Amino acid sequence: MKNQDLNIDKEYKYGFTTDIESIRAPKGLNEDTIKFISDIKKEPKWMLDWRLKAFNRLKSLKEPTWQKPKYPKINYQDLYYYSAPKSSSEKPKSLDEIDPKILETYKKLGIPLVEQQRLNGIAVDAVFDSVSVATTFKDELTKKGIIFCSISEAIQKHSDLVKKYLGSVIPLSDHYFATLNSAVFTDGSFVYIPPNTRCPMELSTYFRINAAETGQFERTLIIADKGSYVSYLEGCTAPMRDENQLHAANVELIALDDAEIKYSTVQNWYPGDKNGVGGIYNFVTKRGACRGKNSKISWTQVETGSAITWKYPSCILQGDNSVGEFYSIAITNNYQKADTGTKMIHLGKNTKSKIISKGISAGNADNTYRGLVDINKKATNSRNYTQCDSLLMGNKCGAHTVPYIKNKNSTSTIEHEATTTKINEDQLYYCNQRGLDQEEAVSLIVNGFCKEVLQQLPMEFAVEAQKLVAISLEGSVG
Amino acid sequence: MLKITNLKATINEKLILKGLDLDIKPGEVHAIMGPNGSGKSTLANVLSGKNGYEIEGEISFNGMDLNELKTEERAQKGIFLAFQYPLEIPGVNTNIFLKTSLNSVRKARGEKELDTLTFLKLIKEKAKELNIDEKFLSRQLNVGFSGGEKKKNEILQMKLLEPKLSILDETDSGLDIDALRIVADGVNSYKNKENAFLIITHYQRLLDYIKPDFIHVLSAGKIVKTGSADLGEQLEKTGYANLS
């Protein structure tokens with residue numbers, strides 16, 4: 001394997017690589033690759049057909065170009081679409097059977113799978129490159145009828161549910177990257193919460209890219225049946241390399257009548273070095289359907305990593321009285337770029353949506369909020385509130401707010417507030433005068449700026465996220 | 001404690017302090033009075049280490065060369081500035097700010113950092129002494145505070161951090177009589193043989209409550225007159241214009 005790993009420095013502590021033998025599909029995007037993936041995952045025929053249908057559609061689609069951050073052309077034929085540790089080809093049944101090297105990797109990342117199982121009370125699905133290597137707490141969840149497993153396992157064991165819901169929120173031919181994902185997706189999580197069940201613990205997935213020249217195509221599907229509740233969190237890291245790696249995920253959420261899904265992301269992919277070399281292209285499609293009445297979907301994202309972050313976790317508010325929320329912190333430093341926001345599509349009556357976006361730019365970075373609020377004719381008495389705040393550090397970074405607002409009936413209201421501020425020298429001086437050094441002062445002020453979003457995160461992760469916010473901005477004020 | 005020799009300070013190519021000398025010993029209270037634009041706030045900024053000034057001359061603080069120390073190091077070594085206009089920091093809980101601040105100072109002093117419970121107990125006591133409602137402590141730092149509340153919050157921080165030299169920059173401006181008395185009581189209760197005060201003010205009013213050992217008159221970047229507490233009353237009658 002070509003080794004292009006860079007030295008690990010203190011800014012990105014997850015930049016190490018695990019030296020492990022892996023099985024890979026041959027390079028290139030073609031039918032054989034797709035058959036290879038489907039075959040190695042022992043998928044039923046309908047799944048392969050679905051993938052091939054997506055691949056056929058892909059041929060007629062073009063990559064979108066309307067986004068603010070531009071990137072060099074990706075050579076899709078020069079990528080590996082499947083890479084998995086050899087030891088996981090037969091999926092281990094219990095944690096004792098997992099390759100110790102992989103366990104060690106997760107321990108180094110702060111996710112000790114074995115201890116996590118015993119101590120934290122958080123169920124984890126761990127995805128390493130293209131496969132899920134472990135899912136903890138499975139038995140306890142099964143007792144309540146909750147399904148939490150890898151999507152690969154779900155395709156085999158719960159194919160009725162997968163068939164019914166996969167692609168029902170993000171259609172096969174939605175757009176280039178979503179369609180690409182549908183053709184070549186490898187692993188991700190599957191969650192099903194049965195009616196009137198409150199999931200007793202946080203569910204989380206930890207995505208790790210390890211192999212070089214490999215794209216990660218995550219696919220996650222979460223279904224909250226009538227009257228159920230689930231809180232789910234995903235975390236992401238990758239080694240430091242001077243090549244750009246593509247992560248193109250599709251995440252679909254479905255909330256039926258009176259159900260609620262809370263989905264939190266702490267994205268810390270490798271952002272590239274100080275000069276903008278390397279880093280992950282995080283091109284992700286996340287969409288939730290509030291299909292039932294009184295349902296609710298809430299997205300919270302803390303985006304600190306990636307060379308380019310390009311995503312709009314969205315809500316389709318179909319059910320009457322359904323609620324969509326989007327809380328976002330996007331931090332860009334050095335040469336990082338972000339074009340992120342949300343879409344709130346109001347279809348049902350009395351639907352409500354709330355958008356709180358906090359963008360922070362430092363160094364030479366560029367940060368765009370782009371959002372759509374679309375209230376349809378039949379979505380009477382609907383409401384949206386949007387607040388977009390940007391914080392600039394230094395003179396070389398940029399912040400942009402691009403709201404699209406459509407209101408097609410006269411009984412609905414839309415509010416939009418936006419502010420742009422520069423981090424205030426006097427505030428820093430005040431903190432310094434009270435004994436705080438520059439880094440502590442920046443961390444304090446920025447965390448204050450992000451507070452409304454940070455407090456949406458589950459307790460266990462809020463502290464981690466606060467630290468991450470501080471680390472991402474290290475060295476940005478001099 | 002503090003010895004300033006021939007201090008010159010320039011900002012944006014403008015010379016503000018033009019050769020200032022000052023000697024403060026432990027236990028002393030010094031007041032600096034003077035007309036607008038005489039360099040009073042500049043002196044406070046220079047001593048606390050605000051960026052942007054070009055400095056000439058010597059400032060020695062307990063044997064250390066202050067010019068060598070960063071703003072936060074000066075704070076950690078015991079220099080406190082009560083701001084004329086305390087800054088608002090949205091989203092930051094006052095208690096968390098105070099705890100972070102106290103612990104960085106304690107750490108620098110080689111003392112143990114306080115855990116949340118011990119801190120809360122301490123801050124409640126200190127707040128009570130200054131007649132500050134506990135509710136203020138859980139609000140965002142200085143956000144929506146009245147002028148008087150902000151100034152009281154500065155004195156609370158002073159008492160919490162226990163500095164050696166406290167510089168009060170026009171702490172009396174914008175205070176009503178009651179608040180002025182509380183602030184003055186706060187200062188007086190902290191005054192002892194070990195620490196010193198440098199009080200910058202326009203008016204005699206604050207000095208009726210906090211009796212200074214020396215009053216200096218600053219004019220056009222230099223101390224033009226030094227006297228005892230009586231000088232303040234005299235100035236109140238005659239104004240600065242008659243000084244040369």
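1. Helix H10 of chain A, residues 438-449, has 12 residues and should therefore span 16 Å at 1.5 Å a residue, which agrees with the 16 Å between its end C-alpha atoms; the expected span is 1.5 Å times one less than the number of residues. Helices here are DSSP runs of H or I with at least four residues, strands are runs of E with at least two, and both are numbered from the N terminus. The buried residues of H10(A) include A:Ala441, A:Leu444, A:Ile445 and A:Phe449, where buried means that 20 or more other C-beta atoms, placed from the backbone, lie within 10 Å of the residue's own (12 or fewer is exposed, and anything in between is partly exposed).

2. A word on the basis of these points: this is a predicted model, in which local features need pLDDT of at least 70 and side-chain atom pairs count only at pLDDT 80 or more, while totals for chains, interfaces and linings use all residues. Residues are numbered from 1 along each chain as its sequence is written, and chains are lettered from A, and ligands numbered from 1, in the order in which they are written.

3. H10 also belongs to the contact between the chains, which takes 16 residues from chain A and 20 residues from chain B, two residues being in contact if their C-beta atoms, placed from the backbone, lie within 7 Å. On the side of chain A that touches chain B, the elements giving two or more residues are helix H9 (425-433) and H10, and the largest share, 6 residues, comes from H9(A). That side divides into 6 nonpolar, 5 polar and 5 charged residues, with Ala, Val, Leu, Ile, Met, Phe, Trp, Tyr, Cys and Pro counted as nonpolar, Asp, Glu, Lys and Arg as charged, and the others, Gly among them, as polar.

4. Strand E17 of chain A, residues 323-332, is mostly covered, with 10 of its 10 residues buried. In a regular strand the side chains alternate between the two faces of the sheet. In E17(A), A:Val323, A:Glu325, A:Tyr327, A:Ile329 and A:Ile331 point one way, whereas A:Gly324, A:Phe326, A:Ser328, A:Ala330 and A:Thr332 point the other way.

5. E17(A) runs parallel to strand E14 (residues 296-303), to which 8 bridges join it, and parallel to strand E19 (residues 352-361), to which 10 bridges join it; strands pair if DSSP finds at least two bridges between them. A:Ile329 is the bridge partner of A:Val302, while A:Tyr327 stands opposite A:Ile356 in E19(A).

6. Chain B has 8 helices and 12 strands. Its radius of gyration, taken over C-alpha atoms, is 18 Å, close to the 18 Å that the globule rule gives for 244 residues, so chain B is as compact as a globular protein of that length; the rule is 2.2 Å times the number of residues to the power 0.38. Of the 244 residues of chain B, 43% count as buried.

7. Chain B is divided into domain 1 (1-40 + 164-178 + 188-244) and domain 2 (88-162), with bounds from an automatic or database domain assignment. The C-alpha centres of these two domains lie 26 Å apart, and 7 residues of domain 1 are in contact with 7 residues of domain 2.

8. Is helix H1 of chain B, residues 40-48, enclosed or open? In this helix 8 of the 9 residues are buried, so H1(B) is largely enclosed by the rest of the structure. Just after H1(B), B:Gly49 takes a positive phi of about 95°.
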